[in-house]
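Could you show me around this protein, stop by stop, while I have it open in my viewer? I would like to know what to select next and what is there.

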Amino acid sequence: MTSTVKSTLSSTRHRGAAAVALAVAAALVAGCGSSSDDTSDPLSEGSSDGKTVVVGSNNFAESILLADIYGEALKAKGIEVEYKPNIGSRETTYGLLKNGSITVLPEYNGSLLAYLDPDAEQKSAEAVNAEVKAKLDAKLTLLESSPAEDKDSVSVNAETAEKYDLGPQSTLADLKDIAPDLVIGGSPEFQTRHQGLVGLDKEYGLKFKSFKALDAGGPLTQAALTKNTVQAADIFTTDPTIVKEKFVVLRDPKNLFGFANVTPLVHKSGLSQEGVDALNAVSAKLDTKTLLDLDAQVQLENKDPLDVAKAWLTSVGLD
């Protein structure tokens, strides 16, 4: 996903109570799961002693959950781990990876490629990974991609879907005539990215009434779409809110949002072969259905992402 981010707390994901949403948002700011134990500045340099692996995450719930999965998989191999949670968007985390402040980051292969080269074609996950590796800073590399895919989408709320007769087979092209009547919401970066308003205009000719800057598929975006403050929004495809609130995900036949396989991005010198093997083992076990289930446990059932990460690793023999 773009930032990818992913991936995504919401007041609507916590039994609809505004107070709960505020509490969850506060928990996210403070860091979640294992990351809540780390009260240091997430933008500060990691304590790189050559042995500690610093696992970072972007500023959305799925990224924090995946960071906990990666970190706990490394800990299971006796590797010392430090967490830097909830850092921000890719524009920030990529620089921190390059300078070695963080060692491991949950990424989404196609979204990362779009960041590195907005004009790059995305024909397959394998081709995407090859392109990413060719364009990455020399100090960085991708590990193996998982089958789990969480990508950006333009989704409309139930009210808008009913008004304009949009359903599961509807595509982004179906918005062309009605986009001027719709307010679309998303992260501030969505306004300027090719995998955002720029690409929606270029590929589909979509010109929306206005853009509302919210967050990366998180509580602000989900609440705005639910309340019809925005009629369309950038929502991640593994977001349990889609089912709960009956959002309609519009198909993307031109593949604007590309591929978004969950893939560890690492600083080469900071991770041993044992660590590489541990993260590749995670990728081999993680698929989209599993990721959606894990996301639902965190975002709908309000479970601690660290507990969810540990339980899943145990269930697949990676603890």
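Here is a tour that starts with the whole chain and then moves through a sheet, some helices and a few single residues.

**The whole protein**

Keep in mind throughout that this is a predicted model. With everything shown as a cartoon, you are looking at 12 helices and 10 strands. Switch to a surface: the protein exposes about 12,800 Å², and carbon and sulfur atoms supply 50% of that area. Of the 319 residues, 58% count as buried.

**Stop 1: an open sheet**

Select β5 to β9 next. These 5 strands form an open sheet with mixed pairing, in the order β7-β6-β8-β5-β9. The edges belong to β7 (210-213) and β9 (248-249); each has a single partner strand, so one side of each is left without a neighbour in the sheet. Now zoom in on β6 (residues 183-186), which runs parallel to β7 and is joined to it by 4 bridges. To see one bridge pair, pick Gly185 and its partner in β7, Lys212.

Add helix α8 (residues 219-226), which packs on this sheet. The strands touched by α8 are β5 (152-156), β6 and β8 (232-236), and the helix direction makes about 135° with that of β8.

**Stop 2: two loops beside β9**

Go back to β9 and look at the loop between α9 (241-244) and that strand, where you will find Lys246. The phi of Lys246 is near 60°, a positive value in a residue other than glycine. Is Lys246 buried or exposed? Its relative accessibility is 63%, so Lys246 counts as exposed.

Next, follow the loop between β9 and β10 (262-267) to Asn255. Here too phi is positive, at about 55°, although Asn255 is not a glycine. Asn255 is partly exposed, with a relative accessible area of 29%.

**Stop 3: helix α2 and its partners**

Select α2 (residues 61-75) together with α10 (residues 273-285). Their axes are 9 Å apart, and the two helices pack at an angle of about 130°, which makes α2 oblique to α10. The crossing is right-handed. Show side chains to see the contact: α2 brings Ile69, Tyr70, Ala73 and Leu74, while α10 brings Gly275, Ala278, Leu279 and Val282.

Keep α2 and swap α10 for α11 (residues 288-299). This time the angle is about 110° and the axes are 10 Å apart, so α2 is roughly perpendicular to α11. On the α2 side, select Ala61, Glu62, Leu65, Leu66 and Ile69; they meet Leu291, Leu294, Asp295, Val298 and Gln299 in α11. Notice Ile69, which is listed in the contact with α10 and again in the contact with α11.

Stay on Ile69 and bring in Lys310 from helix α12 (residues 305-315). How many residues apart along the chain are Lys310 and Ile69? They are 241 residues apart, yet their C-alpha atoms are separated by 7.0 Å. Lys310 has a relative accessibility of 40% and counts as partly exposed.

**Stop 4: helix α4**

Finish with α4 (residues 109-116). Of its 8 residues, 6 are buried, so α4 is largely enclosed by the rest of the structure. To highlight the buried ones, select Asn109, Gly110, Ser111, Leu112, Leu113 and Ala114.

Definitions and conventions: Residues are numbered from 1 along each chain as its sequence is written. This is a predicted model: local features need pLDDT of at least 70, side-chain atom pairs count only at pLDDT 80 or more; totals for chains, interfaces and linings use all residues. Side-chain values use heavy atoms; hydrogens and water are left out. Two strands pair if DSSP finds at least two bridges between them. Contact means heavy atoms within 4.5 Å. Axes are lines fitted to C-alpha atoms, for helices over the stretch in contact, and angles run from 0 to 180 degrees between N-to-C directions. Buried means under 20% relative accessible area, exposed over 50%, partly exposed in between (1.4 Å probe, protein chains only). Accessible areas come from the Shrake-Rupley method with a 1.4 Å probe; for residues, only the protein chains shown count as cover. Angles under 35 degrees count as roughly parallel, over 145 as roughly antiparallel, 65 to 115 as roughly perpendicular and the rest as oblique. A crossing is left-handed if the near helix is turned anticlockwise from the far one by less than a right angle, and right-handed if clockwise.
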